[in-house]
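Please open the structure in your viewer and keep the selection panel at hand. The stops below say what to select next and what is found there.

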Number of protein chains: 4
Amino acid sequence: MDKRERIIQAAIDVFSEKGIEKATISEIVNKAGIAQGTFYLYFTSKLAVMPAIAEVMVNKILEGITSEVKDGPISQQIEVIIRVIFNITNEYKELTKLIYTGLTQTQYVGNWETIYAPLYRWIEDLLQKGKEAQAIHPDVNIKYTAKILIGSIESVAEQVYLYDHLDAESIAGHKKELHKFVTNALGAYQ
Amino acid sequence: MDKRERIIQAAIDVFSEKGIEKATISEIVNKAGIAQGTFYLYFTSKLAVMPAIAEVMVNKILEGITSEVKDGPISQQIEVIIRVIFNITNEYKELTKLIYTGLTQTQYVGNWETIYAPLYRWIEDLLQKGKEAQAIHPDVNIKYTAKILIGSIESVAEQVYLYDHLDAESIAGHKKELHKFVTNALGAYQ
Amino acid sequence: MDKRERIIQAAIDVFSEKGIEKATISEIVNKAGIAQGTFYLYFTSKLAVMPAIAEVMVNKILEGITSEVKDGPISQQIEVIIRVIFNITNEYKELTKLIYTGLTQTQYVGNWETIYAPLYRWIEDLLQKGKEAQAIHPDVNIKYTAKILIGSIESVAEQVYLYDHLDAESIAGHKKELHKFVTNALGAYQ
Amino acid sequence: MDKRERIIQAAIDVFSEKGIEKATISEIVNKAGIAQGTFYLYFTSKLAVMPAIAEVMVNKILEGITSEVKDGPISQQIEVIIRVIFNITNEYKELTKLIYTGLTQTQYVGNWETIYAPLYRWIEDLLQKGKEAQAIHPDVNIKYTAKILIGSIESVAEQVYLYDHLDAESIAGHKKELHKFVTNALGAYQ
DNA sequence: AATGAATGAGGTTTCATTCAT
DNA sequence: CATGAATGAAACCTCATTCAT
């Protein structure tokens with residue numbers, strides 16, 4: 001693994017463990033097994049690592065979705081998307097926080113759209129196909145709705161895992177209700 | 001205004017201006033017009049002020065909604081809720097970020113539910129009445145849906161104002177689409 | 001117990017627990033159950049409490065010795081003195097440190113002689129009687145020897161209890177050896 | 001001189017001048033001519049420097065004794081030891097206090113035995129030889145007596161120089177009496 | 001490209017002390 | 001006499017950053 005990669009991984013660990021505020025470059029370089037000065041050859045500050053971390057995270061979601069979502073009724077595809085986003089939010093609990101927390105408090109907020117673009121594109125495709133197959137309501141605005149869809153699912157996943165720390169049963173309940181909510185919203189009949 | 005209140009207000013200002021990372025206790029006490037040591041009589045660290053700030057923010061949303069939402073068709077009430085949350089997110093852009101970024105990176109995440117409780121209760125009431133009036137689908141789970149509803153609206157508002165920095169027209173488009181989305185989701189016919 | 005007394009007792013506790021360096025007036029007044037400001041009505045600083053503490057300690061030794069030492073052969077009397085000083089050093093381990101530590105680092109070193117005076121007087125008396133009874137060597141200088149005697153015993157007691165943390169057996173060994181040492185030194189035959 | 005050494009020397013100066021309580025790390029680094037942060041690369045706190053200082057002091061005593069004590073009657077050797085310890089206590093008055101006051105109020109008390117070990121070993125050797133030469137009493141326990149001997153001499157030296165601030169004549173008197181005391185104690189006839 | 005000891009600015013934090021009640 | 005909230009000076013200590021190697 002090259003130095004840049006090692007810094008990103010170490011940063012993920014340290015941020016997850018200590019939070020952004022208390023994470024230090026010293027600890028990141030220690031974990032990465034490189035010298036203090038070397039960090040500055042790759043990044044200008046600890047927050048400058050955030051976009052790279054965000055990319056790692058979005059890629060995980062995208063990989064999860066693309067590998068698990070199969071052809072079939074849109075309702076079922078949405079079920080899979082919800083499951084993947086919930087699972088990844090749970091598995092990478094701290095990392096999820098990091099994206100929101102870290103990116104927003106930096107000059108790198110602007111990169112957000114770029115980083116999320118591939119995920120949005122993928123969802124837009126899905127909606128487009130659903131529309132063509134008359135599986136979702138015809139006057140759904142695809143671009144806006146992609147954003148609303150992802151936002152809804154992520155916000156609930158974060159809510160249940162990060163803030164409410166709910167038990168498995170309640171989480172399942174939220175998931176089911178969320179599925180009903182978004183399929184209704186899309187007018188997805190099949 | 002008592003000292004505690006002055007610290008909270010000053011902290012809101014400083015955090016909004018500098019971001020959490022670069023905000024300092026020194027600057028907060030300067031703005032608050034109190035002595036350095038006095039801060040520590042009320043809070044243990046700058047992040048310990050966050051729950052108090054979050055409360056201020058949730059209260060603003062709640063006040064906005066309760067004062068603006070009138071009796072009428074549920075679809076119209078939801079329109080108002082969306083408008084209020086969008087407006088407040090826009091107006092208190094930085095403060096909104098603060099709640100998510102500040103609370104999550106502290107030991108105070110646990111307070112989240114408590115702080116949001118009044119807002120959730122109010123939405124639950126609204127849904128309950130809608131259900132009784134047969135204005136929304138009968139098998140909607142009120143508790144879960146309240147959370148989903150707020151989450152969806154906030155996530156889109158943050159998206160358009162904080163991350164995408166969209167123009168007025170696009171924002172209006174998102175709002176309209178979001179309204180369609182959630183009314184469909186609730187099966188809200190009137 | 002009056003306020004002054006309560007401050008002294010609280011100071012003993014806090015100094016013993018935290019050491020002089022880390023002891024604070026705040027903690028002393030907390031333990032004493034009085035207000036911050038009240039401290040200053042009785043003492044000018046935390047170190048100014050030291051002479052009062054030292055007095056408490058010397059009194060304990062003096063009380064112990066005077067109540068336990070009976071008439072009899074000088075060798076036996078010395079045994080009792082050693083036992084008392086060892087016991088008190090053990091029982092008030094931290095307090096013993098305090099006297100040496102606290103007094104020396106203050107302007108109050110001068111009070112030392114005054115505080116120890118009664119103990120020295122008592123030992124001088126003992127030696128005087130021993131000399132008259134021809135139980136100790138005739139050319140022993142009573143004043144100097146009193147100081148040497150106390151110094152030797154205290155230094156060994158501190159050594160074994162405070163620095164070496166020896167086990168009971170070794171301590172007994174030191175005590176026995178010390179008794180032999182000082183009786184020989186005094187030429188105390190009976 | 002390396003940085004660590006410079007810190008120790010500066011700490012000795014500052015402690016001697018100001019006392020432990022009022023000594024500050026700031027002043028130590030100033031005297032040492034190094035940066036504030038550099039101190040923390042070598043020691044964790046000002047009291048953490050104490051063991052290093054204690055070592056310096058014990059070495060001075062050991063050097064003094066080993067260089068001045070010559071072969072000859074044990075009584076004469078003891079006279080030299082007393083003289084050396086008295087001289088060093090006088091010369092390094094403040095430093096002597098430091099060892100007792102500084103070490104005891106820290107977690108480093110445990111290092112005491114280690115630091116004093118070389119001095120004890122040297123005295124034990126002396127006693128062993130004296131015993132073999134039948135110059136001291138045969139049933140003297142060497143290990144215990146070494147400790148008693150050092151303790152007695154140091155305690156009197158500290159007494160006269162640090163606490164009582166006696167005049168030269170009285171000090172000479174104490175020294176002579178002390179010599180008589182310990183030679184008698186050891187049963188040292190020659 | 002990589003190192004890591006040293007830096008020192010500037011934040012945090014403490015706590016003796018005051019003073020209006 | 002007694003209080004204790006407030007003070008703010010002054011200490012602590014961290015940690016991003018540099019630079020000679």
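Select DNA strand E together with the residues around it: there are 30 of them, and A35(A), G37(A), G37(B), I25(C) and G37(D) come nearest, where a residue counts as near a strand if its C-beta atom, placed from the backbone, lies within 6 Å of it. This is a predicted model, in which local features need pLDDT of at least 70 and side-chain atom pairs count only at pLDDT 80 or more, while totals for chains, interfaces and linings use all residues. Residues are numbered from 1 along each chain as its sequence is written, and chains are lettered from A and ligands numbered from 1 in the order in which they are written.

Colouring the surface near DNA strand E by class gives ten nonpolar, 16 polar and four charged residues; here Ala, Val, Leu, Ile, Met, Phe, Trp, Tyr, Cys and Pro count as nonpolar, Asp, Glu, Lys and Arg as charged, and the others, Gly among them, as polar. Which helix gives the most to this surface? It is α3(D), with four residues, helices being DSSP runs (H or I, at least four residues) numbered from the N terminus.

Next, select chains A and B, where 34 residues of chain A are in contact with 35 residues of chain B, contact meaning that the C-beta atoms of two residues, placed from the backbone, lie within 7 Å. On the side of chain A that touches chain B, at least two residues each come from α1 (3-22), α6 (93-104), α7 (111-132), α8 (142-163) and α9 (168-186) of chain A, and α8(A) gives the most, with twelve residues. That side of chain A divides into 13 nonpolar, 14 polar and seven charged residues.

If you now show chain A with chain C, you will find that they do not touch, their nearest C-alpha atoms being 26 Å apart; likewise no contact joins chain A and chain D, whose closest C-alpha atoms lie 14 Å apart.

Finally, select chains C and D, and lay chain C on chain D: a turn of 179° and a shift of 0.0 Å along the axis do this with an RMSD of 0.3 Å, the copies being superposed by least squares on the C-alpha atoms of residues with pLDDT of at least 70 in both. That is the relation of a two-fold axis. Centre the view on A185(C), whose C-alpha is the nearest to the axis in chain C, 1.8 Å from it. The same surface serves both copies, since 100% of the contact residues of chain C recur in chain D.
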